[in-house]
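The following exercises ask the reader to work from a sequence and its three-dimensional model. Each task is followed by a solution in steps.

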Amino acid sequence: MTAPDLVLPPSDFTVFGGTGDLALRKLLPGLYEQERRRQLPAGTRIIGVSRTPLDDAGYRDLVTRALFEHVAEDHLEVGALHRLTARLHHLTLDIGSADDWDRLHGLLKDRPADEEATRIHYLAVGSDLFGTICDRLDDLGLVTPRCRVVLEKPIGADLASSREVNDAVGRVFEERQIFRIDHYLGKESVQNLLVTRFANVFLEPIWNSRWVDHVQITVAETLGVEERGDYYDRAGALRDMVQNHLLQLLCLVAMEPPSYVGGDAHDAVRDEKLKVLRALAPLTGAEVDRATVRGQYTTYGEELGHPSTTETFVALRAEVQNWRWSGVPFYLRTGKRLARQESTIEVVFKEPPHAMFPDSEGVTTPNRLTIRMQPDEGMQLHLTAKHPGPGGIRLHPASLDLTWADAFDERSPEPYERLLRDVMRGVPTLFMRRDEVEAAWGWVEPILERWREAAVEPVRYHPGTEGPAAAERLLARDGRFWQEGTR
């Protein structure tokens with residue numbers, strides 16, 4: 001049974017880019033899972049909009065094939081598939097064609113007079129089209145106070161273009177109607193970070209510079225650019241991953257406790273994240289050279305079919321200049337074609353102030369808390385314990401392991417499943433506000449400028465390795481090292 005508070009209001013969910021990879025791989029499977037849980041009420045329609053010449057039947061076939069490919073086999077249910085495909089429509093639309101827009105207008109207006117639905121416009125297209133699409137929707141009278149628009153990253157390529165995109169969308173939609181999506185914020189482990197910090201009294205008193213030595217945030221991928229080559233070569237790892245995903249994770253680790261989370265306090269979390277972004281020590285000029293590493297795997301040009309200086313790996317050292325985190329470095333790294341698929345946050349604590357066991361055998365390592373976003377979402381608390389047995393004290397590292405799949409007899413929702421549900425419910429907590437996006441661009445942009453002005457070439461690393469050796473030296477200069485192999 002579905003909990004009553006999870007039943008969603010009827011919606012017309014229009015996906016611009018409805019035949020694209022994102023829609024077929026993430027959005028439609030996310031909506032299917034809601035259908036399987038019977039969280040989509042009667043009257044909800046899903047309208048794919050693209051330039052692909054498909055009728056409704058052809059679109060339903062395309063989506064069905066995608067669901068069989070991207071939904072776990074044990075979640076495929078004939079009844080849910082039929083219910084979802086019955087909601088599907090497709091409209092072939094050329095953005096420059098007035099007739100095509102008129103057909104969309106007719107489809108969205110085609111509802112009984114007594115049946116009002118929330119209109120959700122999901123823009124799974126390039127940000128250069130956001131303004132044009134929003135203007136056309138407005139011209140056709142398809143924007144009302146009940147409407148919402150979802151923006152996929154990247155929102156611009158730098159601070160100036162980000163402001164242009166936000167201005168264009170903001171001329172049509174109010175800020176409360178705009179949902180800028182970052183799928184990392186929909187991960188169960190990321191949201192559990194807030195609960196771990198603020199619902200456990202023993203952690204918050206030591207979550208500061210007095211007890212924390214440093215923090216590491218890693219998002220490593222084994223895959224290359226795959227089908228995203230054209231986009232990725234224009235963006236690079238700093239724009240594609242650091243400006244949004246990694247900085248958002250840093251904010252959740254470093255933010256101050258909000259007044260409360262949930263209810264109507266939708267901006268409480270976002271207000272605290274913004275304070276972190278504004279407290280980041282700027283990296284400019286020669287400091288960029290000391291605090292960043294720009295890398296590229298050796299076969300990248302071969303995969304693209306032409307030489308390129310775009311980075312596929314970034315490591316950097318950041319500091320949050322406030323009372324809580326003064327002097328604590330935050331090390332961020334992300335890359336493609338690395339040795340493992342891993343997304344982790346490592347909070348590494350300081351050594352005890354006094355060594356009580358000087359004559360003990362064995363080794364000690366700093367206490368640390370590992371938060372795993374993938375694979376195997378969960379947490380590990382790494383401690384030092386006494387090795388069992390008679391005789392003297394032998395110290396040995398030991399871990400307390402909490403894996404969500406083992407601890408809870410319930411499947412964790414996929415990020416897009418959760419975030420799409422929040423869009424339909426009108427809950428913006430896990431979405432980025434305009435000021436967050438622009439603050440992040442404001443911090444990243446001087447790094448991009450320095451790389452460009454100094455003609456910084458990416459250092460090369462071999463696929464299947466941990467990345468360039470310069471990333472190891474970045475921490476070694478501080479007497480630290482990357483934590484590897486947390487499982």
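**Exercise 1. The β13, β14 and β15 strands**

Which residue in β14 stands opposite R368? Establish also how β14 is paired on each side, and describe the turn of the hairpin.

*Solution.* The coordinates come from a predicted model.

Step 1. The residue of β14 opposite R368 is H382.

Step 2. β13 and β14 run antiparallel and are joined by 5 bridges.

Step 3. These two strands form a hairpin with 3 residues between them. Within the turn, D376 has a positive phi of about 55 degrees.

Step 4. The loop between β13 (368-374) and β14 (378-386) also holds P375. The peptide bond leading from Q374 into P375 is cis, with omega near -10 degrees.

Step 5. β14 is further joined to β15 (residues 394-403) by 9 bridges, again in an antiparallel arrangement. In this pairing, G378 stands opposite T403 of β15.

**Exercise 2. Backbone geometry in loops**

Locate the cis peptide bond that follows K153. Then examine R38: where does this residue lie, and is R38 buried or exposed?

*Solution.*

Step 1. The bond from K153 to P154 is cis, its omega being near 0 degrees. P154 belongs to the loop between β5 (148-151) and α6 (159-170).

Step 2. R38 is not a glycine, yet its phi is positive, at about 60 degrees. R38 is placed in the loop between α1 (21-36) and β2 (45-50).

Step 3. The relative accessible area of R38 is 56%. The cut-off for exposed is over 50%, and R38 is therefore classed as exposed.

**Exercise 3. Helix α14 and the residue beyond its end**

Compare the expected and actual spans of α14, locate its bend, and characterise the backbone just after the helix.

*Solution.*

Step 1. α14 has 20 residues, which at 1.5 Å a residue should span 28 Å. The end C-alpha atoms are 28 Å apart, in agreement with that expectation.

Step 2. The helix nevertheless bends by about 30 degrees at V444. A proline, P446, follows within four residues of this position.

Step 3. V444 is itself one of the buried residues of α14. Others on that list include the tryptophans W441, W443 and W451, together with the glutamates E436, E438 and E445.

Step 4. Just after α14, A455 adopts a positive phi of about 50 degrees. A455 sits in the loop between α14 (434-453) and β16 (459-461). With a relative accessibility of 55%, A455 counts as exposed.

**Exercise 4. Helix α9 and its buried arginine**

How many of the residues of α9 are buried, and which contacts does R270 make?

*Solution.*

Step 1. α9 has 12 residues and reaches 17 Å from its first C-alpha to its last, close to the 16 Å expected.

Step 2. Of the 12 residues, 9 are buried, and the helix is thus mostly covered. Among the buried residues are the charged types R270, E272 and K273. The covering elements include α8, β9 (313-319) and α14.

Step 3. R270 lies in α9 (residues 268-279). Its relative accessibility is 6%; the limit for buried is under 20%, so R270 counts as buried.

Step 4. The side chain of R270 reaches the backbone oxygen of F431 at 3.1 Å. Apart from residues up to four places away in sequence, R270 touches P428, T429, F431, M432, R433 and E436. E436 is also among the buried residues of α14.

**Exercise 5. The nonpolar core and Q296**

Which residues have the most contacts inside the largest nonpolar core? Describe next the surroundings of Q296.

*Solution.*

Step 1. The largest nonpolar core has 136 residues, and Y122, L250, F330 and I345 have the most contacts inside it. Helix α8 (residues 229-254) contributes the largest share, 15 residues.

Step 2. Beyond residues up to four places away in sequence, L250 touches I217, V276, L280, A318, V320, F330 and L332. Of these, V276 is a buried residue of α9.

Step 3. Q296 lies in strand β8 (residues 292-297) and, at 2% relative accessibility, counts as buried.

Step 4. Outside its neighbours within four places in sequence, Q296 contacts S308, T309, T310, T312, P458, V459, R460 and Y461. The C-alpha atoms of Q296 and A237 are separated by 9.6 Å, although the two residues are 59 residues apart along the chain.

Conventions: Residues are numbered from 1 along each chain as its sequence is written. This is a predicted model: local features need pLDDT of at least 70, side-chain atom pairs count only at pLDDT 80 or more; totals for chains, interfaces and linings use all residues. Side-chain values use heavy atoms; hydrogens and water are left out. Buried means under 20% relative accessible area, exposed over 50%, partly exposed in between (1.4 Å probe, protein chains only). The expected span of a helix is 1.5 Å times one less than its number of residues. The bend at a residue is the angle between axes fitted to the seven residues ending there and the seven starting there. A nonpolar core is a set of buried Ala, Val, Leu, Ile, Met, Phe, Trp, Tyr and Cys residues joined through side-chain atoms within 4.5 Å. Contact means heavy atoms within 4.5 Å. Two strands pair if DSSP finds at least two bridges between them. A polar contact is a pair of N or O atoms within 3.5 Å; within protein, one must be able to donate a hydrogen and the other to accept it, and residues adjacent in sequence count only if both atoms are side-chain atoms.
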